[in-house]
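Me: I have a model to go through. Can we take it in short questions and answers?

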Amino acid sequence: MPAIETHNLTRHYGALVAVDHLDLTVESGEIYAFLGPNGAGKTTTIRMLTGLIRPTEGTALIDGLDVTRNPLEVKARVGVVPQRSNLYGELSARDNLIFVAGLYGVSRGHRRARADALLEQFGLSERADAPFGALSGGMKRRLTIAAALVHEPPILFLDEPTTGLDVHAARALRETIVGLHHHGVTLFLTTHQIAEAERLADRVAILVKGKVVAVDTPAALRAACCAEEALEVNVTPLTETLQAALRDLDTVTYLSRRGDALHLGVTAVDDALHAVLATARDCGARVTAVRTVTPTLEDAFVQLTHLDVETMAGGGANNRQGGPR
Amino acid sequence: MRRDQLARAWHIAAKDMRTYYLKPPLVSWGMLFPVVMILAFYLRSPGDIRALVPGLVALTVLFGATSVEAVVIAFEKRIGAMERLVMAPISHAALLIGKSASGALFGAATGTLMWLLAGLVLGLPLAPATLVVIAIGSIAFSLMGVLVALVMREVFDAMAMSNVFRFPMIFLCGVFVPIATMAPALRAAAAVLPLSYTVDGLRHLVLGGGGSYFPLWLDLVASAAFAVLLYAACYRLMQRRLEELL
């Protein structure tokens with residue numbers, strides 16, 4: 001039986017369709033990443049799957065239980081790590097865990113031991129008596145995940161788990177997620193960071209404007225969308241005119257800007273190289289560096305969604321410059 | 001309701017009591033305000049204070065119970081903790097009991113303290129049935145506070161909105177002037193406000209019926225009915241509009 005299953009799951013907010021007839025299946029024990037820009041419907045989906053909001057249409061099953069009909073049973077089976085670390089600022093790290101344990105029906109005699117075990121597991125034992133409000137962002141995030149695991153749920157939902165964390169804290173958190181995966185926990189995570197989805201997930205669903213446009217393993221998504229090779233080109237000056245001209249080339253399948261560089265999907269490196277150099281010259285620009293690169297999930301994402309990677313990083317959903325020619 | 005759900009409701013109430021009872025808005029509105037009111041009336045006319053004891057005790061219960069809910073619910077909505085509670089395996093019915101219990105207990109405790117002090121200092125009767133009037137009134141007021149706090153986002157807003165209900169009730173419910181001496185229109189208004197029945201019940205038990213307007217049994221039944229109606233209103237609001245409220 002799948003851990004998570006939805007059929008035609010839909011959610012309207014007035015005229016806006018936040019989630020549009022979503023069909024997904026998450027197998028037990030896998031890491032499933034929901035990848036999409038802000039406003040794509042990721043959080044709304046998690047909220048429906050965890051019984052916080054009702055779907056307008058369709059069904060969601062957790063461990064075979066209908067979320068709308070059996071909300072308490074479903075809530076007891078899942079742990080939820082919301083985008084915002086929302087534990088109690090005045091309570092200590094340990095007391096927060098003890099409180100959440102009681103809320104999930106952990107027996108009184110086991111709460112303290114469970115809290116201490118989680119504090120140890122998440123490297124927070126030394127700060128056990130510190131108020132939650134006094135912890136660093138990374139510690140708060142770790143404690144929020146610990147709180148979601150206090151009743152040992154088989155399924156864990158993580159909404160943008162590394163948002164707002166520094167590089168070290170984010171890396172530590174990703175290691176924690178992988179550790180949970182090894183313990184057999186089914187993980188459903190939302191993210192707008194392509195690299196995070198690629199690094200962590202067994203399967204990735206790409207969500208745009210409430211619809212899933214592709215679901216597969218990162219490798220399969222790359223293979224399906226990026227059979228061609230790719231070039232990374234640095235050009236000076238990097239003008240809109242030049243980008244438009246490059247996008248119009250027959251040998252270029254897609255183009256996206258990543259910082260100072262342009263990422264080009266090409267049908268053949270040799271032909272594309274000549275065409276790019278000539279186009280740059282015609283536009284009064286100079287190519288300062290060229291590299292052939294292995295297509296990544298980012299390339300697949302750009303091709304599938306017509307969104308630019310920088311749009312994802314910025315969190316917007318505007319269709320800017322990443323569309324296929 | 002299942003026993004495990006009630007246990008979780010109590011778990012929430014216990015945490016709220018531990019976390020919020022000394023929050024500044026609660027200290028000022030739930031503790032200091034009633035004390036200031038009592039001192040103001042005592043200093044103005046020490047001889048008349050006995051007649052005001054039922055009203056002042058009821059006022060203490062009202063401000064204590066409603067202020068706790070403004071803090072407990074509006075504050076938790078702001079920090080996202082209410083969402084955490086809703087995501088937990090606890091029914092809306094049990095969550096409502098848990099959230100209103102801390103206010104009801106606070107109002108009952110401060111009201112009882114006031115009643116005992118007044119009784120001992122002024123030599124008034126200390127009938128045990130008074131505790132029942134205070135307890136039922138406190139439950140109703142707490143649920144009134146829940147209803148207001150559910151639709152407000154900030155503690156300050158919830159306090160301000162609570163005052164929209166609380167202050168008119170001070171003047172309409174026989175706190176300072178017995179309902180029997182009020183104009184017919186004001187008596188009609190008093191009949192539909194929960195504070196009237198708590199004040200009236202206390203008049204029966206503390207002053208031996210002096211200045212009371214309704215029979216004692218009606219005070220108890222009406223207070224309980226308000227509690228049930230307010231619970232039903234809160235529950236309906238949570239069932240129908242929870243997403244907007246969070």
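What follows is a set of questions on backbone, cysteines, cores and the chain contact.

Me: Before we start, what kind of model is this?
Reply: Treat every value here as computed. Local features were kept where pLDDT is at least 70. The model is predicted.

Me: Which residues does the cis peptide bond join, and where does P237(A) lie?
Reply: Most peptide bonds are trans. Here T236(A) and P237(A) are joined by a cis bond, with omega about -10°. P237(A) sits in the loop between β11 (229-236) and α9 (240-247) of chain A.

Me: Is E160(A) buried or exposed?
Reply: Start with the backbone: E160(A) is not a glycine, yet its phi is positive, about 45°. The residue lies in the loop of chain A between β7 (155-159) and α6 (167-182). Its relative accessibility is 4%, and the cut-off is under 20%. Therefore E160(A) counts as buried.

Me: How does D63(A) count in terms of accessibility?
Reply: D63(A) also has a positive phi, near 50°, and is not a glycine. Its place is the loop between β4 (57-62) and β5 (65-66) of chain A. Relative accessibility is 26%, so D63(A) counts as partly exposed.

Me: Why does C173(B) form no disulfide?
Reply: A bond needs two cysteine sulfur atoms within 2.5 Å. C173(B) is buried, at 0% relative accessibility. The closest cysteine sulfur belongs to C234(B), and that is too far for a bond, because the distance is 18 Å.

Me: How many disulfides are there over all chains?
Reply: The rule is the sulfur cut-off of 2.5 Å. Applied over all chains, the count is zero.

Me: What is the nearest side chain of opposite charge to R111(A), and how far away is it?
Reply: R111(A) belongs to helix α4 (residues 108-121) of chain A. This arginine is buried but has no salt bridge. A salt bridge would need a nitrogen–oxygen distance within 4 Å. The nearest side chain of opposite charge is D4(B), at 11 Å.

Me: Which residue of chain B is in contact with R111(A)?
Reply: Set aside the neighbours within four places in sequence. In chain A, the contacts are I98(A), A101(A), G102(A) and V106(A). From chain B comes H11(B).

Me: Which helix gives the most to the largest nonpolar core?
Reply: That core has 119 residues. Those with the most contacts inside it include I4(A), L143(A) and F188(A). The top contribution is seven residues, from helix α3 (residues 49-79) of chain B.

Me: How many residues does the other core have?
Reply: This core lies apart from the largest one. Among its members are F41(B), L52(B), V57(B) and A140(B). The count is 45 residues.

Me: What area is buried between chain A and chain B?
Reply: The contact takes 29 residues from chain A and 26 residues from chain B. On the chain A side, L52(A), Y88(A) and L103(A) lose the most area, together 26% of what that side buries. Carbon and sulfur atoms give 57% of the total. The buried area is about 2,600 Å².

Me: How far apart are the closest N and O atoms of D95(A) and R18(B)?
Reply: Between chain A and chain B the count is three salt bridges. D95(A) and R18(B) form a salt bridge. The cut-off is within 4 Å. Their closest N and O atoms are 3.6 Å apart.

Conventions: Residues are numbered from 1 along each chain as its sequence is written. Chains are lettered from A and ligands numbered from 1 in the order in which they are written. This is a predicted model: local features need pLDDT of at least 70, side-chain atom pairs count only at pLDDT 80 or more; totals for chains, interfaces and linings use all residues. Side-chain values use heavy atoms; hydrogens and water are left out. Helices (H or I, at least four residues) and strands (E, at least two) are DSSP runs, numbered from the N terminus. Buried means under 20% relative accessible area, exposed over 50%, partly exposed in between (1.4 Å probe, protein chains only). Lys and Arg count as positive and Asp and Glu as negative; His and the chain ends are not counted. Contact means heavy atoms within 4.5 Å. A nonpolar core is a set of buried Ala, Val, Leu, Ile, Met, Phe, Trp, Tyr and Cys residues joined through side-chain atoms within 4.5 Å. Buried area is the accessible area (1.4 Å probe) that two parts lose on being put together, summed over both.
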